Amino acid sequence: MIVVAIAGAVLVAIIMWDAFEAIVLPRRVTRRLRPTRLFYGSTWWIWSAVARRLRGGQRETYLSFYGPLSLLLLISTWAASLIAGFAMLQWGLGAHLAVADGTAGFGIALYVSGTTFFTLGLGDVTPIGPLARALTVLEAGTGLGFLAVVISYLPVLYQSFSRREVNITLLDARAGSPPSATELLLRHGGDLEALTRLLGDWERWSAEFLESHLSYPVLSYFRSQHDNQSWLAALTTMLDASALVIVGTDGKPARQAQLTFAIARHAVVDLAQVLRTPPRTPDPDRLPAGNVHALAESLAATGLRLAPEDHFGEKLAALRAMYEPYVNALADRLLMALPAWGVVTVTHDNWKTSAWERSSAGAATRQRPDVHDEGL
């Protein structure tokens with residue numbers, strides 16, 4: 001019996017510490033053996049295996065359920081484990097409980113633990129003796145505190161999600177949907193001041209993203225509102241654009257691009273480490289060597305003063321090697337598509353489409369406008 005009580009105490013301690021690390025502790029947890037890590041590792045493996053058999057919008061809809069649903073399942077798992085742990089403590093220490101038929105087995109201890117944890121206070125079974133009463137009071141306080149922390153945790157989580165999505169949505173008119181770095185630079189039409197401000201905004205966004213997603217890694221599984229958008233595609237687009245500006249300009253734009261590149265790369269590297277996703281070189285390459293010349297020609301129209309092609313390709317390849325293995329690994333892990341490098345000849349800007357326009361032939365498809373058309 002005492003072994004059961006010890007096991008129950010250990011289970012309660014493990015779950016309480018795990019919930020503290022996941023909800024309260026505002027920093028990355030490096031310990032390998034954690035219930036939360038085991039939970040997400042096993043459930044995502046099953047969920048993603050099914051998703052890989054789906055295609056298009058059906059896959060994205062299915063994947064969009066995982067983040068919120070896994071959060072509810074994790075909280076339920078914590079609660080069930082705490083109830084079982086306290087029941088094991090009560091039963092292992094003798095289960096001094098007053099019941100009508102005079103018997104108090106493990107089932108009764110589990111029932112009392114559940115009603116106590118959720119502070120129901122039914123009173124049909126009562127603890128007898130100081131130890132049983134102390135455990136009951138301790139569990140009631142634990143349950144009340146657990147529910148309070150969970151209730152306050154969910155708004156914080158969704159506020160972080162909402163702040164993340166704002167800049168991703170704003171990127172639609174600036175870089176298309178899905179976005180691309182070349183499209184972003186073309187739409188700015190050589191306006192380096194506006195481009196510098198945009199990179200500055202994304203430097204701050206990347207820092208906020210780094211802080212929130214290291215504290216709450218579950219946000220990585222939350223999908224964006226539109227199937228052709230994602231935080232990973234947006235972050236990769238800004239890394240691509242920063243790399244191109246660093247290679248193709250000097251002065252203030254290049255300096256801001258270096259700062260944005262640094263914090264954005266920091267974000268993808270740290271998140272890959274948190275999700276235990278080792279870097280892997282993209283296969284196939286997003287920008288084969290034969291396409292570098294075409295990319296350079298496209299960028300010449302943006303006003304970027306490009307280096308000679310050989311040096312341009314070498315410098316760009318060196319920057320790409322610093323982040324592409326990480327974003328590629330994250331894309332494979334999270335089943336998110338990476339953006340293209342080249343010019344998107346036909347784009348589907350989300351702000352110019354709707355469910356009604358999709359029913360009209362050609363209404364949802366347009367050629368990339370001139371950068372001065374309609375003020376874009």
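What follows is a walk through the pockets, one cavity and a surface patch of this predicted model. Local features need pLDDT of at least 70, side-chain atom pairs count only at pLDDT 80 or more, and totals for linings use all residues. Residues are numbered from 1 along each chain as its sequence is written, and side-chain values use heavy atoms, without hydrogens and water.

Start with the largest pocket, an open set of points on a 1 Å grid with protein on both sides within 12 Å along at least five of seven lines. Its volume, the space filled by probe spheres set on the points, is about 390 Å³. Lining residues are those with an atom within 4 Å of a point; of the 23 here, Arg34, Thr36, Arg37, Tyr40 and Pro217 are the closest to the centre. Helix H2 (35-51) is among the helices that supply at least two residues, and H2 gives the most, four. Helices are DSSP runs of H or I with at least four residues, numbered from the N terminus.

The second largest pocket has a volume of about 210 Å³. Its lining has 15 residues, with Glu60, Asp227, Asn228, Gln229 and Ala337 nearest the centre.

Gln229 also lines the largest cavity, together with residues including Ile168, Leu171 and Ala233. A cavity is a set of grid points where a 1.4 Å probe fits but cannot get out. This one has a volume of about 50 Å³, and H6 supplies the largest share of its lining, three residues.

Helix H6 also holds Leu147. Leu147 counts as partly exposed because its relative accessibility is 30%, between the limits of under 20% for buried and over 50% for exposed (1.4 Å probe, protein chains only).
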